[in-house]
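Hi,

Here is the structure I promised to pass on. Have a look at it first, and my notes follow underneath.

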Amino acid sequence: MNPVNIDDMRDLARRRLPRAVFDFLDGGALDELTLHANRADFERIFFRPRVLVDVSKRTLATRIFGVEHKLPIVLGAIGSLGLLARRGEMLVAQAAEKFGVPMCLSTASVCSIEEVKGATTRPFWFQLYVGREREVAQELMERAASANCPVLVFTVDQAVSSRRERDARNGLTFPMRITPYNILNMLINIRWLWDVLLGPPLDLGNYRKPGERSRNVLTFPQRAAKTQDPSKTWKEVDWVRSIWKGPLVIKGLLTPEEARRALEHGADGIVVSNHGGVILDGDPSTISVLPAIADAVGGKTKIFLDGGIRRGQDVLKAISLGADACFVGRAYAYGLAAAGEAGVLRSLQILESEMSATMALLGRNHVSELDRTALMPTNPP
Ligand SMILES: Cc1cc2nc3c(=O)[nH]c(=O)nc-3n(C[C@H](O)[C@H](O)[C@H](O)COP(=O)(O)O)c2cc1C
């Protein structure tokens with residue numbers, strides 16, 4: 001199958017992955033209301049095209065924190081990409097380098113910061129979780145700085161873990177529940193079994209001390225719990241700010257008050273994000289809250305948005321409503337699961353061609369020309 005859009009890529013990922021792994025990537029919290037709202041609200045926004053404009057020299061190139069990238073897109077932090085393809089994080093970093101967009105490596109990745117650094121010459125961003133052990137977070141920041149990561153993305157929307165019912169049904173819990181169905185399902189996905197499960201040991205590489213042997217894949221949920229600390233407050237933002245010298249982006253904000261507060265605490269950017277519908281079911285869609293946040297802090301900080309981006313048009317809608325660029329999550333992760341590095345590249349090409357054609361039809365030559373006049377005034381947000 002030749003994937004012509006991100007939904008095709010998702011179908012390929014579904015065929016390639018064991019059920020439990022696909023559901024971990026694809027699913028959301030509880031009733032998945034937020035997961036679906038992220039998409040549905042994009043689908044209710046319509047463009048206001050402009051014709052007879054010379055768009056023959058249009059470009060999608062965008063400067064983010066002083067660096068020019070091919071698209072206004074960041075490959076956002078997805079934990080455990082190494083479960084989707086062997087050494088998945090390294091493959092994503094290599095695709096990001098070939099294509100010319102930034103990748104943001106998750107704290108909860110299978111490959112460590114140092115392994116990813118060894119796989120690419122293009123600087124990648126690092127996403128930080130601050131758990132109970134502050135010294136671990138401090139060490140992660142130091143390791144990211146030593147690896148020349150230019151930007152730190154501090155994720156703040158995960159005070160506790162959410163209940164993901166697909167994972168609960170599939171036994172992806174702590175402790176993991178291994179059932180005959182799970183085992184059979186893994187065994188029949190021969191390509192995945194060979195590529196991932198029989199590959200190098202799987203654990204969360206950033207939590208391994210230098211020289212420490214890899215832990216068993218069954219320690220995943222226990223280690224993932226280390227990313228959380230329900231006692232965290234804005235003091236931790238100050239603490240991170242005091243250590244991290246480069247651009248700091250706060251990820252997981254949905255209200256103008258908190259966006260303003262992030263600026264007061266020294267953030268250089270924010271990600272309007274509901275974690276892809278994975279954390280609080282009932283969060284609003286990100287695109288619906290973007291305009292009020294852009295009104296509050298636009299121009300004073302970089303605004304990124306993620307959640308539900310499956311078409312190049314979604315990125316352009318977000319930019320028209322005040323985002324500087326978008327993070328994509330599942331859109332590239334489906335590509336990784338479907339076909340490794342080539343799949344990530346294909347996802348990016350799909351988004352790029354959709355964006356390029358849409359820019360032409362909107363009569364815009366550069367994304368900086370996009371504002372609310374590119375959308376119908378009656379759109380819901
Ligand atoms: C399986 C999965 C794992 C994720 N892991 C992380 C993570 O480790 N750190 C983080 O900040 N966000 C994480 N996120 C949230 C993404 O960075 C991003 O906010 C979300 O995927 C955007 O929505 P989209 O997938 O619809 O594009 C994860 C999301 C999913 C679906």
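A quick definition to start: when I say two residues touch or are in contact, I mean heavy atoms within 4.5 Å. Also, this is a predicted model, where local features need pLDDT of at least 70 and side-chain atom pairs count only at pLDDT 80 or more, while totals for chains, interfaces and linings use all residues. Residues are numbered from 1 along each chain as its sequence is written, and side-chain values use heavy atoms, with hydrogens and water left out.

Let's begin with Ser231. Leaving aside residues up to four places away in sequence, Ser231 touches Arg134 and Glu236. You'll find Ser231 in the loop between helix 10 (220-224) and helix 11. Helices here are DSSP runs of H or I with at least four residues, strands are runs of E with at least two, and both are numbered from the N terminus. Ser231 is also 9.9 Å from Val160, C-alpha to C-alpha, with their positions 71 residues apart in sequence.

Now the sheet. Eight strands make an open sheet with parallel pairing, in the order 3-10-9-8-7-6-5-4. Strand 3 (73-75) and strand 4 (104-105) each have a single partner strand, so they stand at the edges with one side lacking a neighbour in the sheet. Two strands count as paired if DSSP finds at least two bridges between them. Strands 5 and 6 run parallel and are joined by three bridges, and Gln127 stands opposite Val153 in strand 6. Strand 8 (residues 269-272) and strand 9 (residues 302-305) are parallel too, with four bridges; there, Ile270 faces Ile303 of strand 9.

Which way do the side chains of strand 6 point? Leu152 and Phe154 go one way, Val153 and Thr155 the other, and all are buried (under 20% relative accessible area, with over 50% being exposed and partly exposed in between, using a 1.4 Å probe and protein chains only). Helix 11 (residues 234-243) lies across strand 5 (125-128), strand 6 (152-155) and strand 7 (248-253), at about 165° to strand 6. For such angles, axes are lines fitted to C-alpha atoms (for helices, over the stretch in contact), and values run from 0 to 180 degrees between N-to-C directions.

Last, a helix pair: helix 2 (residues 19-26) packs on helix 15 (residues 330-362) at about 160°, with axes 10 Å apart. Phe22, Leu25 and Asp26 of helix 2 make the contact with Arg330, Ala333 and Tyr334 of helix 15.

Cheers
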